Amino acid sequence: EKQIAHFFIANALAAIALVAGFASNAMGYLTTYEFSKESTRGGRTELTVNSDGSKKPASDGLDKEYAFGWSYGIGESFTVLIPGLYGGSNGGKELSSSGEFVKKLTDLGVPEENALQMANGSAYWGAQPFTQGTVYLGAIVCLLFVLGLVFVEGWQKWWMAGIVVFAFMMAWGKNFSAFNDFLFNHFPLYNKFRAPAMALVIPQLVFPLLGGLALQQILVGKTDKALLVKKFKLGAGVMGVLLVLLALFYFTSDFSGVQDATTKERYQSMMLQQMSQGKQPTTDMQTQAAQFGSSLVKALRTDRRSLMGSDLLRNTLFIAAALALLWLLINNKLKLPVVLAGILLLSSFDVLAIGRRYLTDENFVDAADFDNVFQLTQADAQIKADPGYFRVFDQSGGGDPFADARASYFHNSLGGYLAARLGLYNDLMDNQLKKGNQAVFDMLNTKYFIQENPATRQPVALKNDAAFGPCWLAKNIHWVKDGNEEMKALDSIDLKQNVIIQEKYKATAGNPPAFDSTARLDFVRNSNDTVVYKSKAGSNQFAVFSEIYYDKGWNAYLDGKKADYLRVNYTLRGMPLPAGEHSIEFRFEPQSYKLGNTLAMIASLLAYLALLAAAWMQWKKWKTAA
């Protein structure tokens with residue numbers, strides 16, 4: 001059609017928009033991309049063997065099993081239509097106090113509120129380890145999507161239907177490995193993400209979009225009435241078949257989940273403890289406890305069936321009401337505004353009511369109440385009274401101290417959860433800290449350990465006088481060939497006297513340190529993006545700094561001039577120091593941030609200039625027309 005010029009102009013404008021969009025957000029993109037390569041998401045490690053001695057597979061991303069942890073079940077996909085199909089969640093309010101599970105626990109003497117919380121904590125029985133909420137799009141939205149597949153003609157329908165299918169296949173993760181293994185291994189950046197179920201945000205957008213186009217065709221389209229009725233009946237029939245299939249699932253499923261065995265053991269143990277009261281349980285007690293555990297799981301499955309059944313009936317009525325409104329409009333029995341208002345009210349009530357299962361007034365708390373969660377304990381107060389610069393390891397929480405961030409509210413902590421932890425620190429954590437290598441805790445300047453006092457059950461602060469401090473001078477260099485040897489050397493080397501360095505850093509490490517009994521290295525201050533030290537020695541020395549190595553932004557300066565530093569002891573920073581008095585400064589100056597900020601400023605400036613130019617051109621056009 002001789003539109004080739006238009007084709008190239010349109011694509012050029014699209015390319016400009018793409019570049020401008022990237023540039024506007026370049027600061028976030030560039031810094032995140034740079035950091036990801038050094039994190040567990042980028043597969044960063046110096047090790048080729050695991051802590052158990054097995055070979056570590058090469059990877060530039062997450063472990064596949066870890067990445068596919070939250071894979072949506074194939075059958076679970078129908079929660080977009082029936083929210084309680086697989087129990088909903090492990091933290092909502094799906095099950096009520098009238099359920100069989102709650103009744104059994106209250107008969108045992110458990111307070112109803114606690115029993116209800118336990119019931120809802122075990123309601124979910126889908127393919128994911130656990131979930132805080134189901135993916136529900138709305139019964140009427142799903143109906144309109146199905147009608148859209150029937151009513152909407154042309155390319156618009158097919159790209160939307162195609163991307164919905166593609167998104168569901170992505171969300172299935174390990175449950176559709178033939179497809180998702182290929183994406184994991186070949187899609188750019190795909191192996192950096194953990195939850196395949198996140199792909200369901202795509203249907204969340206497309207379902208109402210196609211549903212809106214269906215409404216447009218039905219309400220204000222110019223389709224012949226006979227054809228309109230035919231398509232409407234076809235769409236209603238497809239929806240009816242889906243509901244019948246879900247009804248068959250309701251009658252045939254046993255509603256048992258993979259976590260039910262664990263649930264049974266937990267409540268069996270609880271019952272056994274209550275019966276034995278600290279004494280050795282008898283065989284009869286064990287039998288009764290096992291029977292109680294089994295009956296409780298059976299009651300839970302009954303409650304799950306009841307939840308799905310009530311949601312199926314509820315949404316069937318919503319769909320029937322919406323179909324009735326549309327049918328009355330098609331047959332000129334109701335006016336357009338009435339039907340639109342009815343569809344809007346029904347759909348809103350539908351999704352808001354389900355949303356109330358997960359977000360209610362009870363979820364909102366005052367700021368003061370929220371802050372009270374982080375109570376300053378006597379142990380915290382003792383540690384905060386110490387004016388020094390050090391780290392704390394909190395073992396008083398009872399769980400995984402590397403996933404508990406409470407201590408980080410008050411102190412510089414070794415623990416806390418980060419989904420994209422630096423790869424080198426993660427290796428150190430897995431291979432040294434988790435097995436309790438005290439020397440590694442000392443080199444990380446862990447001056448206090450918080451533990452629970454068995455007598456009072458209160459946290460106490462235990463001071464570690466052996467901590468190395470923020471920095472020190474190593475007397476000898478212990479050379480190793482690679483990261484495996486470096487990690488292994490941490491098991492036996494005196495880390496206060498020796499520094500472990502890979503041979504590839506020999507040029508940067510310089511000459512071996514010369515003994516000087518008067519040499520000293522002092523910590524001055526740490527202001528987050530700047531860390532300052534001072535040294536004084538009569539001979540060459542080698543400094544070790546108890547800060548995690550990250551060369552994608554941390555620059556070292558010796559007496560104000562940029563200097564080289566290197567990675568030592570697998571994760572720390574080290575630097576050769578010449579004789580004399582010197583000031584050492586580390587500054588966080590990531591070039592990715594500076595470049596991203598510059599690009600964002602340029603893109604924003606060009607955007608405003610383009611808007612001004614467009615306004616001027618429009619004004620000129622209006623003036624000419626006048």
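Helix H16 gives the largest share of the lining of the largest pocket, contributing 6 residues. The model examined here is predicted, and the largest pocket in it has a volume of about 1000 Å³. In total, 37 residues line this pocket, and those nearest its centre are Thr 40, Lys 56, Asp 63, Asn 426 and Asp 430. Besides helix H16 (423-433), the elements that give two or more residues to this lining are helix H3 (64-67) and helix H8 (177-186). By class, the lining of the largest pocket consists of 13 nonpolar, 13 polar and 11 charged residues.

The second largest pocket has a volume of about 880 Å³. Its lining is made up of 26 residues, and Arg 391, Ser 413, Leu 422, Glu 547 and Ile 548 are the closest to its centre. Of the residues lining the second largest pocket, 13 are nonpolar, 8 are polar and 5 are charged.

In addition to these open pockets, the model holds 2 cavities of 30 Å³ or more. The largest cavity encloses about 50 Å³ of space. Its lining is formed by Glu 38, Arg 44, Leu 422, Leu 424, Tyr 549, Tyr 550 and Asp 551. These lining residues comprise 4 nonpolar and 3 charged residues, with no polar residue. Leu 422 thus appears both in the lining of the largest cavity and among the residues closest to the centre of the second largest pocket.

The second largest cavity contains about 40 Å³ of space. Two stretches of the sequence supply its lining: Tyr 124, Trp 125, Gly 126, Gln 128 and Pro 129 on the one hand, and Gly 257, Val 258, Gln 259 and Asp 260 on the other. In this lining, 4 residues are nonpolar, 4 are polar and 1 is charged.

On the surface, a nonpolar patch is formed by Ile 602, Leu 605, Leu 606, Leu 609 and Leu 612, which together present about 500 Å² of accessible area. One member of the patch, Leu 605, is located in helix H20, which spans residues 591-625. Leu 605 is classed as exposed because its relative accessibility is 52%, and the cut-off for this class is over 50%.

Methods:
Residues numbered from 1 in each chain as written. Predicted model: local features only at pLDDT ≥ 70, side-chain atom pairs only at ≥ 80, totals over all residues. Heavy atoms only, no water. 1 Å grid on protein atoms, 1.4 Å probe; cavity = no way out; pocket = protein on both sides within 12 Å on 5 of 7 lines; lining within 4 Å. Points joined across faces, edges and corners; volume = space filled by probe spheres on them. Helix = DSSP H or I, 4+ residues; strand = E, 2+ residues; numbered from the N terminus. Nonpolar A, V, L, I, M, F, W, Y, C, P; charged D, E, K, R; others polar. Patch = residues over 30% accessible without salt bridge, like charges linked within 9 Å, V, L, I, M, F, W, Y side chains within 5 Å. Areas by Shrake-Rupley, 256 points an atom, 1.4 Å probe, with all protein chains shown as cover. Salt bridge = Lys/Arg side-chain N within 4 Å of Asp/Glu carboxyl O. Buried < 20%, exposed > 50% of the residue type's maximum accessible area, 1.4 Å probe, protein only.
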